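Work through the exercises below with the structure at hand. Try each task before reading its solution.

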Amino acid sequence: MRGFFIGRFQPYHTGHHEVLEEILKEVDELIIGIGSAQESHSIENPFTAGERILMISRALDEINTDKKIYIIPLEDIYRNSLWVSHVRSMVPPFDVVYSNNPLVTRLFGEGGFAVRRTELRNRRVYQGTEIRRRILEEKDWEELVPEVVMKTIIEVGGIQRLKDISGSDV
Ligand code: NAP
């Protein structure tokens, strides 16, 4: 069975990582879709698709699995009714969708797919918005992402980028 797990991963954090480890127990192969791939350099979406690929593939190197995992960037199309077809045209065939996003689960359900809800634990802190806020405010954020992701964010100049695009030097 091949699963499909979609998120924006701005950035990829420990909550996503724990969910991914759980999903890998259930599937033979996994496709990770990087949503809103066209977005970058904004407060909501600071990282490029390529940088998000780097974060996820490095984090995956630390998971002990020999299962095949595909990481595929997916640009948004502004027509929800056609989105499932768009996704299907861009990724290998899959049997089950993992998401907690009501729109995503609705669209794939209408498309006839089995959908499994994912639970993110410790949601108060394992949350993209919270991590981006902490980076901007120079508060502790490093422990909320896998270490390799922390290094990647620093390596690509992510901290200064967020400050620059927010117009803040605080
Ligand atoms: P999202 O809108 O980025 O995330 C929605 C919320 O769900 C965020 O708070 C996110 O937290 C949280 N979340 C992410 N993964 C989760 C998980 N496994 N379990 C529980 N909560 C989770 O949407 P998304 O679901 O991460 O990604 C969906 C992608 O599909 C987006 O890029 C969206 O644009 C795309 N999409 C496109 C179309 C279209 O083009 N027409 C239609 C539908 C969806 P974090 O911020 O912590 O990740």
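The exercises that follow concern a predicted model.

**Exercise 1. The sheet**

Task: Find the order of the strands in the open sheet, and state which strands lie at its edges.

Solution:
- Step 1. Five strands make up the open sheet, and their order is S3-S2-S1-S4-S5.
- Step 2. The pairing is parallel.
- Step 3. Strand S3 (68–73) and strand S5 (114–116) are the edge strands, since each pairs on one side only.
- Step 4. On average, neighbouring strands of this sheet are turned by 25° against each other, direction ignored.

**Exercise 2. Pairs of strands**

Task: State how many bridges join S1 to S2, and how many join S4 to S5.

Solution:
- Step 1. S1 pairs with strand S2 (residues 29–34) in the parallel sense over six bridges.
- Step 2. Two partners can be named here: Arg 2 has Glu 29 in S2 as its bridge partner, and Gly 7 has Ile 34 in S2.
- Step 3. Strand S4 (residues 96–98) pairs with S5 over three bridges, again in the parallel sense.
- Step 4. In this pair, Val 97 stands opposite Val 115 in S5.

**Exercise 3. Cover over the strands**

Task: Decide whether S1 and S2 are mostly covered or mostly open, and name the strands that helix H4 lies across.

Solution:
- Step 1. In S1, five of the six residues are buried, and the strand is mostly covered.
- Step 2. In S2, five of the six residues are buried, so the rest of the structure largely encloses this strand.
- Step 3. Helix H4 (residues 102–110) lies across strand S1 (2–7), S4 and S5.
- Step 4. H4 runs at about 160° to S5.

**Exercise 4. The ligand**

Task: Name the residues closest to the ligand, then find how much of the ligand's accessible area the protein covers.

Solution:
- Step 1. The ligand is surrounded by 21 residues. The closest are Arg 8, Ser 36, Ile 77, Arg 123 and Gly 128.
- Step 2. An N or O atom in the side chain of Arg 8 is 2.6 Å from an oxygen atom of the ligand.
- Step 3. For Ser 36, a polar side-chain atom lies 2.7 Å from a ligand oxygen atom.
- Step 4. Gly 128 uses its backbone: an N or O atom there lies 2.7 Å from an oxygen atom of the ligand.
- Step 5. On its own the ligand has 880 Å² of accessible area, and the protein covers 83% of this.

**Exercise 5. Two loop residues compared with a helix residue**

Task: Classify Ser 36, Thr 48 and Thr 152 as buried, partly exposed or exposed.

Solution:
- Step 1. The cut-off for buried is under 20% relative accessible area.
- Step 2. Ser 36 sits in the loop between S2 and H2. Its relative accessible area is 10%, so Ser 36 is buried. Leaving out residues up to four places away in sequence, Ser 36 touches Arg 8, Arg 52, Leu 74 and Asp 76.
- Step 3. Thr 48 lies in the loop between S2 and helix H2 (49–60). Its relative accessibility is 23%, so Thr 48 counts as partly exposed. Beyond its neighbours within four places in sequence, Thr 48 is in contact with Glu 39, Ser 40, His 41 and Arg 161.
- Step 4. Thr 152 belongs to helix H6. Its relative accessible area is 0%, so Thr 152 is buried. Not counting residues up to four places away in sequence, Thr 152 touches Glu 51, Leu 54, Met 55 and Arg 58.

**Exercise 6. Helix H5 and the residue after it**

Task: Find how many residues of H5 are buried, name helices that help cover them, and describe Glu 138.

Solution:
- Step 1. Helix H5 (residues 128–136) is mostly covered, with seven of its nine residues buried.
- Step 2. Among the buried residues are Gly 128, Ile 131 and Leu 136.
- Step 3. The cover over the buried residues includes helix H6 (147–155) and helix H7 (158–166).
- Step 4. Just after H5, Glu 138 takes a positive phi of about 55°. Glu 138 is in the loop between H5 and H6. Its relative accessible area is 55%, so Glu 138 is exposed.

**Exercise 7. Backbone details**

Task: Locate the cis peptide bond, then describe the phi of His 41.

Solution:
- Step 1. The cis peptide bond joins Gln 10 and Pro 11, with omega about 0°.
- Step 2. Pro 11 is in the loop between S1 and helix H1 (14–26).
- Step 3. His 41 is not a glycine, yet has a positive phi of about 55°.
- Step 4. His 41 is in the loop between S2 and H2, and is partly exposed at 43% relative accessible area.

Methods: Residues are numbered from 1 along each chain as its sequence is written. This is a predicted model: local features need pLDDT of at least 70, side-chain atom pairs count only at pLDDT 80 or more; totals for chains, interfaces and linings use all residues. Side-chain values use heavy atoms; hydrogens and water are left out. Two strands pair if DSSP finds at least two bridges between them. Helices (H or I, at least four residues) and strands (E, at least two) are DSSP runs, numbered from the N terminus. Axes are lines fitted to C-alpha atoms, for helices over the stretch in contact, and angles run from 0 to 180 degrees between N-to-C directions. Contact means heavy atoms within 4.5 Å. A residue is near a molecule or strand if one of its heavy atoms lies within 4 Å of it. A polar contact is a pair of N or O atoms within 3.5 Å; within protein, one must be able to donate a hydrogen and the other to accept it, and residues adjacent in sequence count only if both atoms are side-chain atoms. Accessible areas come from the Shrake-Rupley method with a 1.4 Å probe; for residues, only the protein chains shown count as cover. Buried means under 20% relative accessible area, exposed over 50%, partly exposed in between (1.4 Å probe, protein chains only).
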